[in-house]
Structure formats: C-alpha cells, structure tokens
Amino acid sequence: MARKISLYVDVPAVGQTLNFLVPGSMKVGNIIDLIVKIIHEEFHGIQAKKRGLMLVDTKNKGILNKNVNCLELDIHDGSNLMLL
C-alpha cells in the first residue's frame with residue numbers, strides 16, 4: 001500500500017490554505033492537476049488553468065519539478081507548499 005502524505009497548500013487564488021492527502025509516489029504534476037480539479041469543484045467561479053501552474057516549497061522557496069514524486073523531493077507529512 002502506498003504511503004500517504006498530508007500536504008498544506010496555500011492557494012492564493014482562493015485565499016485559503018488547503019490540506020491534501022496524496023500518495024508519496026504521486027508526481028508533482030499530478031498533484032497540481034488534482035488541486036485544479038478540486039478548485040473547480042469547490043470554488044465556483046474560480047478558473048484555474050493547469051498550464052503554467054507550479055508548486056513551490058515555502059520552506060526553501062524552490063519550485064518543485066513536475067516530473068518527480070513527493071518522496072524523491074523529500075516532501076513529507078506537514079510540508080507547506082504554494083500553488084502559483
């Protein structure tokens with residue numbers, strides 16, 4: 001069974017920090033897709049395009065590579081990210 005990771009993602013477009021539970025093996029690009037899908041479903045009127053979006057690790061201010069998974073990037077429970 002895949003290890004799940006609890007992430008806190010600041011989403012300035014909706015003015016909230018959201019909590020996501022994702023598999024550690026999930027690639028960052030897929031996490032962005034998931035976040036966009038949830039924003040479309042939960043925050044009516046917010047239009048977010050997947051193209052050009054990125055996740056930033058707020059601790060080290062680094063942009064996360066979309067082709068790498070959480071475990072490889074040392075993203076762990078309680079990590080704080082920002083969707084830009």
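Q: What covers the buried residues of α1?
A: The cover includes the strands β1 (4-11), β2 (16-23), β3 (55-57) and β5 (79-83). Helices (H or I, at least four residues) and strands (E, at least two) are DSSP runs, numbered from the N terminus. This is a predicted model, in which local features need pLDDT of at least 70 and side-chain atom pairs count only at pLDDT 80 or more, while totals for chains, interfaces and linings use all residues. Residues are numbered from 1 along each chain as its sequence is written, and side-chain values use heavy atoms, with hydrogens and water left out.

Q: Why is L81 called buried?
A: Buried means under 20% relative accessible area, exposed over 50%, and partly exposed in between (1.4 Å probe, protein chains only). L81 has a relative accessible area of 3%, so it is buried. Its place is in strand β5.

Q: What is L81 in contact with, leaving aside its neighbours within four places in sequence?
A: Contact means heavy atoms within 4.5 Å. On that rule the partners of L81 are L7, Y8, V9, D10, L55, V56, D57, T58, L64 and I75.

Q: How do you know that the span of helix α1 agrees with its number of residues?
A: The expected span of a helix is 1.5 Å times one less than its number of residues. For the 15 residues of α1 (residues 28-42) that gives 21 Å, and the end C-alpha atoms are 21 Å apart, so the two agree.

Q: Which residues of α1 are buried, and what makes them line one face?
A: They are V28, G29, I31, I32, I35, V36 and I39. Seen down the axis, they fall within an arc of 155 degrees, so they line one face of the helix. The arc is that of the directions from the helix axis to the C-beta atoms. An α-helix has 3.6 residues a turn, so residues three or four places apart point the same way.

Q: Which residues touch the most other members of the largest nonpolar core?
A: A nonpolar core is a set of buried Ala, Val, Leu, Ile, Met, Phe, Trp, Tyr and Cys residues joined through side-chain atoms within 4.5 Å. Of the 22 residues in the largest one, L7, V9, I35, L55 and L83 touch the most other members. α1 gives the most to this core, with six residues.

Q: Why are β2 and β4 (62-63) called edge strands?
A: Two strands pair if DSSP finds at least two bridges between them. The open sheet has the order β2-β1-β5-β3-β4, and β2 and β4 each pair on one side only. β1 and β2 pair in the antiparallel sense over eight bridges.
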